[in-house]
Amino acid sequence: MAAQAPTPAPEQKIMVAIDESECSHYALEWALRNLAPSRLVLFTVQPFSPLSYVPAGSPLGPSVVSPELIRSVSEHQRQLAQALLDKAKAICEEHGVDAETIIEVGDPKETICEAAEKLNVNLLILGSHSRGPIQRFFLGSVSNYCTHHAKCPVLVVKKKE
C-alpha cells in the first residue's frame, strides 16, 4: 500500500496593523523576512475626526464647524491612511508579496481586534511602541489590548534598540 501524501495546510492569513510609526513598519519588514506570508492583509485605522465631536451649542458650534469642514478633514485623514497603506504595499511588493489593504474608521484597539475576527485571520502582527509604564497608563497600549482581546494569536514585534 502506497503512503498517502500529507494534506497541505490551508494558506494562513496574516494581518499586520500599520500606523505612521517606525515600529509598525519594522513589524511588517520582520513578517516579510521571517514568515514569508502568502496571504497578507495590511490594516490601518483612521481615527474619528475630532471635529465630529464638537457640541452644537459650543462656541465652535455649527457656525464655525460646518459639515463641509468635517468632510474635508475626514477626507484628508483618509488620504493619509491610504498613503500609509500604499507605502506598506510597496514594501510588500519588493518582497514579492501581493498584500490586500484595508482602512477602517474607529478606535484602533477595538477596530483591529474586530477586523481580525471578521477577516478570520490566523495571526495578527503589531509593532511595539516601547512606551514606558506611565505613557501606557495614560495612552493605553494597542498591542496590550489586542493580545488580551483578539480571538487569534497575536505577535508583537519589538525593534531591537
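Modeller: In this text a salt bridge means a side-chain nitrogen of Lys or Arg within 4 Å of a carboxyl oxygen of Asp or Glu. The model is predicted, with local features needing pLDDT of at least 70 and side-chain atom pairs pLDDT 80 or more, while totals for chains, interfaces and linings use all residues. Residues are numbered from 1 along each chain as its sequence is written, and side-chain values use heavy atoms, without hydrogens or water.

Colleague: In what order do the elements of the protein run from the N terminus on?
Modeller: Helices (H or I, at least four residues) and strands (E, at least two) are DSSP runs, numbered from the N terminus. The protein has five helices and five strands. Their order along the chain is β-α-β-α-β-α-β-α-α-β.

Colleague: What share of the protein's residues counts as buried?
Modeller: Buried is under 20% relative accessible area, exposed is over 50%, and partly exposed lies in between (1.4 Å probe, protein chains only). The protein has 161 residues, and the share of them that counts as buried is 35%.

Colleague: How many salt bridges does a search of the whole structure find?
Modeller: Among them is the contact of R71 with E68, at 3.6 Å from N to O. D98 also pairs with K89, and E104 pairs with K118. The search of the whole structure gives a total of five.

Colleague: Which helix holds both R71 and E68?
Modeller: The two side chains meet in a salt bridge, and both residues are exposed. They are three residues apart, about one turn of the helix, and the element that holds both is α2 (residues 67–94).

Colleague: Is D98 buried or exposed?
Modeller: D98 forms a salt bridge with K89, and the closest N and O atoms are 3.1 Å apart. Its relative accessibility is 60%, so D98 counts as exposed.

Colleague: How many residues apart are E104 and K118?
Modeller: Their salt bridge has its closest N and O atoms 3.1 Å apart. The pair links distant parts of the chain, with E104 in strand β3 (residues 100–105) and K118 in helix α3, and the separation in residues is 14.

Colleague: What relative accessible area does K118 have?
Modeller: Its partner E104 counts as partly exposed, because the relative accessibility of E104 is 24%. K118, in contrast, is exposed, with a relative accessible area of 59%.

Colleague: Why is strand β4 largely enclosed by the rest of the structure?
Modeller: Side chains leave β4 in two directions: L123, I125 and G127 point one way, and L124 and L126 the other way. Both groups are buried. Strand β4 (residues 123–127) is therefore largely enclosed, the buried count being five of five.

Colleague: Which residue of β5 is the bridge partner of G127?
Modeller: Two strands pair if DSSP finds at least two bridges between them. Strand β1 (residues 13–17) runs parallel to β4 with three bridges, and V16 stands opposite I125. Strand β5 (residues 154–157) also pairs with β4 in the parallel sense, over four bridges. In β5, the partner of G127 is V157.

Colleague: What distance separates the C-alpha atoms of I18 and A88?
Modeller: I18 lies in the loop between β1 and α1 (22–34). With a relative accessible area of 4%, I18 is buried. I18 and A88 are 70 residues apart along the chain, and their C-alpha atoms are separated by 7.9 Å.
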